[in-house]
Amino acid sequence: MKLNYKRTFLVGLAFLSICTFWQAYDSIIPLILKNTFQIGEAATGKVMAIDNMLALVMLPLFGHLSDRTHTPLGKRTPYIICGTAVAVASMLFLPYFDSKVNLLGFALCLGLVLLSMATYRSPAVSLMPDVTPKKLRSKGNAVINLMGAVGSVISLALIQLLVPKEGKPNFFPIFAIVASIMVGAVVVLVLTVRENKLVKEMEETGGYESTEEELNEELSKGKKMPKDILKSLIFMLLCVGFFFVGYNAVGTFFSLYMTNYLGTKGGDFAGYLMVATIASVLCYIPSGAIATKFGRKKAIMIGLSVMAFCFLVMSFVKSAGFYMIPFFVLIGFGYACVIVNTFPIIWEMSKGSDIGKYTGYYYTASMAAQIVTPMVAGYFIERLENYAVLFPYALCAMGLSFLMLLNVKHGDSKPEKPADKIEALGAGDD
């Protein structure tokens, strides 16, 4: 049985469109809030946390709703179409209200964009496993993650090329191109992926049949996790939480940090993020090899240590320059080591219990961190009136994540070498 790569890439267009938007959102919205509307960093952090607050409620809600939806287009496709349409229509007004310095209009459109994006992320991500046999979903998830990375790189390239180095930037061209990519991706998806037909083929060919191991796991659900393993699980979740506290803080305020503190012009800051994003994708395979040789826990330790070192160095940087590029390559490597190996450890600990429940705990920990950290980091930046606090803040978070990991005594293992290189890209979605 082989993965249908062409079909999986087409299914992945939905996730590509999502990541294209979010990268543009994370990079541009803080600049607009600060430079156009003169909103402080603490308030900016609160605004940037809203999408994660919505995600905690709306992602499981619309995932559940799409499970129970039946239409001629399928279960997931209607949500993808409607969510994309509303998001695109709303986001095109954001640069208009930015140019008119109309905070009320900007806030209303931003709220509508965030609501619409939250309605279709779960259905979009769920489409791949719906049309992919269970044994091939690891490879399928790798393709989806690769498509998401491509979307992020596209947005960063647009920002670097189209944001002028002088004067007030007009973000409409960037939002217009991002909107076009989102619409084009979904149109191609709808025209080429017949959801109901593919799901029916899966049912007829036995693609949903459980393996003996999966059936045994189903029978074992409901067993209480032993106390020593539960303790390790709690520390692992804290490790994940603190990791995202540090990483998301940098992601949220990076554009403001680079322009207001290090003095980059226009969209030059996007180049550094592009390097880190590409490096992380290229390092998924090496990070998997490290885990195979030394174990997943040590691979995470290496990732956290490398990122902490880079954040330490960045804490002393006073001006931007080419010399920063190697550190962003290392940040991408560190991110890959952590993100590839954290969830599998939790999965190992939850064997014999309700795996789905503990998967939910993982995403709750990561999402809660991404809600809290923009507000906390923004508070410190505004209170100290200095963006220099950003990387020391992230450094402390990585240190705490490392300390939590030291208390994890269960769930570590040396994974088997993947059947082929594409499987090594199957990291979890953050």
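Q: What percentage of the 430 residues in the protein is buried?
A: Happy to start with the overall picture: this is a predicted model, and the protein in it has 430 residues. Residues under 20% relative accessible area count as buried. The buried share of the protein is 54%.

Q: How many helices and how many strands are there in the protein?
A: Let's turn to secondary structure, counted here as DSSP runs. The protein has zero strands, and its number of helices is 17.

Q: Of the contacts between residues at least 6 apart in sequence, what percentage joins residues at least 24 apart?
A: A contact here needs heavy atoms within 4.5 Å. Taking the contacts in the protein between residues at least 6 apart in sequence, the share that joins residues at least 24 apart is 85%.

Q: Are α13 and α15 parallel, perpendicular or oblique to each other?
A: Helix α13 covers residues 284–294 and helix α15 covers residues 325–349; their axes lie 9 Å apart, at an angle of about 60°. Roughly parallel would need an angle under 35 degrees, and roughly perpendicular begins at 65. The crossing is right-handed. The two helices are therefore oblique.

Q: How many nonpolar residues are there in the contact of α13 with α15?
A: From α13, the residues involved are Tyr284, Ser287, Ile290 and Ala291, and they meet a set in α15 that includes Phe333, Tyr335 and Val340. Charged residues are absent from this contact, two of its residues are polar, and the nonpolar ones number nine.

Q: Which residue of α15 in this contact also belongs to an aromatic cluster with Phe243, Phe244 and Tyr247?
A: Among the α15 residues that α13 meets are Phe333 and Tyr335. One aromatic cluster joins Phe243, Phe244 and Tyr247 with a further member, Tyr335.

Q: Is serine 155 buried or exposed?
A: Serine 155 sits in helix α7, residues 137–162. Leaving aside residues up to four places away in sequence, serine 155 touches Thr20, Gln23, Ala24 and Val178. Its relative accessibility is 0%, so serine 155 is buried.

Q: What geometry does the aromatic pair of tyrosine 96 and phenylalanine 97 have: stacked, tilted or edge-to-face?
A: The protein has 20 aromatic pairs by the ring-centre rule. In the pair of tyrosine 96 and phenylalanine 97, the centres are 5.2 Å apart and the planes make an angle of 70°. Planes over 60 degrees apart fall in one class, so this pair is edge-to-face.

Q: Which residue of that pair is buried, tyrosine 96 or phenylalanine 97?
A: Tyrosine 96 has a relative accessible area of 43%, so this residue is partly exposed. With a relative accessible area of 15%, the buried residue is phenylalanine 97.

Notes: Residues are numbered from 1 along each chain as its sequence is written. This is a predicted model: local features need pLDDT of at least 70, side-chain atom pairs count only at pLDDT 80 or more; totals for chains, interfaces and linings use all residues. Side-chain values use heavy atoms; hydrogens and water are left out. Axes are lines fitted to C-alpha atoms, for helices over the stretch in contact, and angles run from 0 to 180 degrees between N-to-C directions. Helices (H or I, at least four residues) and strands (E, at least two) are DSSP runs, numbered from the N terminus. Angles under 35 degrees count as roughly parallel, over 145 as roughly antiparallel, 65 to 115 as roughly perpendicular and the rest as oblique. A crossing is left-handed if the near helix is turned anticlockwise from the far one by less than a right angle, and right-handed if clockwise. Ala, Val, Leu, Ile, Met, Phe, Trp, Tyr, Cys and Pro count as nonpolar, Asp, Glu, Lys and Arg as charged, and the others, Gly among them, as polar. Buried means under 20% relative accessible area, exposed over 50%, partly exposed in between (1.4 Å probe, protein chains only). Rings of Phe, Tyr and Trp (its six-membered ring) pair if their centres lie within 6.5 Å; planes under 30 degrees apart count as stacked, over 60 as edge-to-face and the rest as tilted.
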